[in-house]
Amino acid sequence: MGIEHFLILSAILFSIGLFGALSKSNAVVVLMCIEIMLQGVNIALVAFSRYAALLTGQLFALFVITVAAAEIAVGLAIVIALYRARRVVEVERADMMRE
Amino acid sequence: MGEQVAFWLLSLIAVGSALGVIFLKNIFRAALLLLLVFFCVAGIFILLGADFLAGVQVLIYVGAVGILILMAIMLTREGERGSPFGRFKIPSALISIALLGMLIWAFIKTGWTFPSPPLPEPTTLKVGLSLFSLERGWVLPFEIASLLLLAAIIGTITLIRGKV
């Protein structure tokens, strides 16, 4: 089991999340795909932490998890506020700043 | 041997359910598959000898983030409209596949010269010690993270509080 296995797994998860975050139109699904991207990042960080025998990668992953928790809470709050105001959750129809 | 079986099983389930999150029509099932992705990543963390992070992953992602997403789906009543693709399906697929190809090419072409990793041992004590050690510690980022969480709590309450 080399480090390449874990890095390629993290790249695959990151790309799947990137594809979903760019292409889906439901804002909740976009946030879910961003979470998948962060999972890929965390796998890469922990893999480097294991193979380089340094704990710094694990600490970074811990902070990534903290920031992701804050991000998903605020993001879902924005989605719910948008749904209350406009009855939409599609990102393409959330364009009231343009009007 | 058992390690490799566990790795391939976990990664196949993780990649498959991550694809399911994107391609399933039912958004509620997509959220449940996302929880499966989180669980598999926790298993990968255990394979990498990061037991504390695996626990944190299950607690925060599967527990808190998963429940948040499920509640947001129920509050926005988007279950019947499904999760359609937007206008940029083909370009974003091209971009993602190009990025994936470049990343995999770079990972394979790089000659990693790490020595074979030592046997995994409990990391909770070491993580705590290096997080809070006086020199080269991470106390200031830790405090900033707690400030960020406080700001997130207040921001969330302000955003979704009704007009009082």
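Is A:Ser25 buried or exposed in this model? In the predicted model, A:Ser25 has a relative accessible area of 4% and is therefore buried, the limit for that class being under 20%. The residue is placed in the loop between α1 and α2 of chain A. Leaving out residues up to four places away in sequence, A:Ser25 touches residues of both chains: A:Val89, A:Glu90, A:Val91 and A:Glu92 on one side of the list, and B:Pro84, B:Phe85 and B:Gly86 on the other.

One of these neighbours, A:Glu92, also takes part in a salt bridge. Its partner is B:Arg87, with 3.9 Å between the closest N and O atoms. Across the interface of chain B and chain A, the number of salt bridges found by the rule is 1. Residue pairs in polar contact between the two chains number 8, counting pairs in which both residues are at pLDDT 80 or more. On the side of chain B that touches chain A, at least two residues come from each of α1 (2-23), α2 (27-47), α3 (51-76), α4 (89-109), α5 (124-132) and α6 (139-160) of chain B. The most is given by α3(B), which supplies 13 residues. Sorted by class, this side of chain B comprises 60 nonpolar, 14 polar and 8 charged residues.

In total, the contact between the chains involves 82 residues of chain B and 68 residues of chain A. The area buried between chain B and chain A is about 6800 Å², of which 79% lies on carbon and sulfur atoms.

The largest nonpolar core contains 69 residues. Those with the most contacts inside this core are A:Phe6, A:Met32 and A:Ile43 from chain A, and B:Ile44, B:Leu53 and B:Ile69 from chain B. Elements giving two or more residues to the core are, in chain A, α1 (3-23), α2 (27-51) and α3 (56-86), and, in chain B, α1, α2, α3 and α5. In soluble globular proteins, nonpolar side chains tend to be buried together. The surroundings of B:Ile44 illustrate how residues of both chains meet: apart from neighbours within four places in sequence, B:Ile44 is in contact with A:Phe6, A:Leu9 and A:Ile43, as well as with B:Phe7 and B:Leu10.

Two residues of chain A other than glycine have a positive phi. For A:Ala53 the angle is about 55 degrees, and for A:Arg87 it is near 60 degrees. A:Ala53 belongs to the loop between α2 and α3 of chain A. With a relative accessible area of 55%, A:Ala53 is exposed, because this class begins over 50%. A:Arg87 occurs in the segment after α3 of chain A. Its relative accessible area is 48%, so A:Arg87 is classed as partly exposed.

In chain B, B:Pro117 occupies a position in the loop between α4 and α5. B:Pro117 is partly exposed, at 29% relative accessibility. Neighbours within four places in sequence aside, B:Pro117 is in contact with A:Arg50 and A:Tyr51. Between B:Pro117 and B:Leu53, which are 64 residues apart along the chain, the C-alpha separation is 18 Å. B:Leu53 is among the residues with the most contacts inside the largest nonpolar core.

Terms used:
Residues are numbered from 1 along each chain as its sequence is written. Chains are lettered from A and ligands numbered from 1 in the order in which they are written. This is a predicted model: local features need pLDDT of at least 70, side-chain atom pairs count only at pLDDT 80 or more; totals for chains, interfaces and linings use all residues. Side-chain values use heavy atoms; hydrogens and water are left out. Contact means heavy atoms within 4.5 Å. Buried area is the accessible area (1.4 Å probe) that two parts lose on being put together, summed over both. A salt bridge is a side-chain nitrogen of Lys or Arg within 4 Å of a carboxyl oxygen of Asp or Glu. A polar contact is a pair of N or O atoms within 3.5 Å; within protein, one must be able to donate a hydrogen and the other to accept it, and residues adjacent in sequence count only if both atoms are side-chain atoms. Helices (H or I, at least four residues) and strands (E, at least two) are DSSP runs, numbered from the N terminus. Ala, Val, Leu, Ile, Met, Phe, Trp, Tyr, Cys and Pro count as nonpolar, Asp, Glu, Lys and Arg as charged, and the others, Gly among them, as polar. A nonpolar core is a set of buried Ala, Val, Leu, Ile, Met, Phe, Trp, Tyr and Cys residues joined through side-chain atoms within 4.5 Å. Buried means under 20% relative accessible area, exposed over 50%, partly exposed in between (1.4 Å probe, protein chains only).
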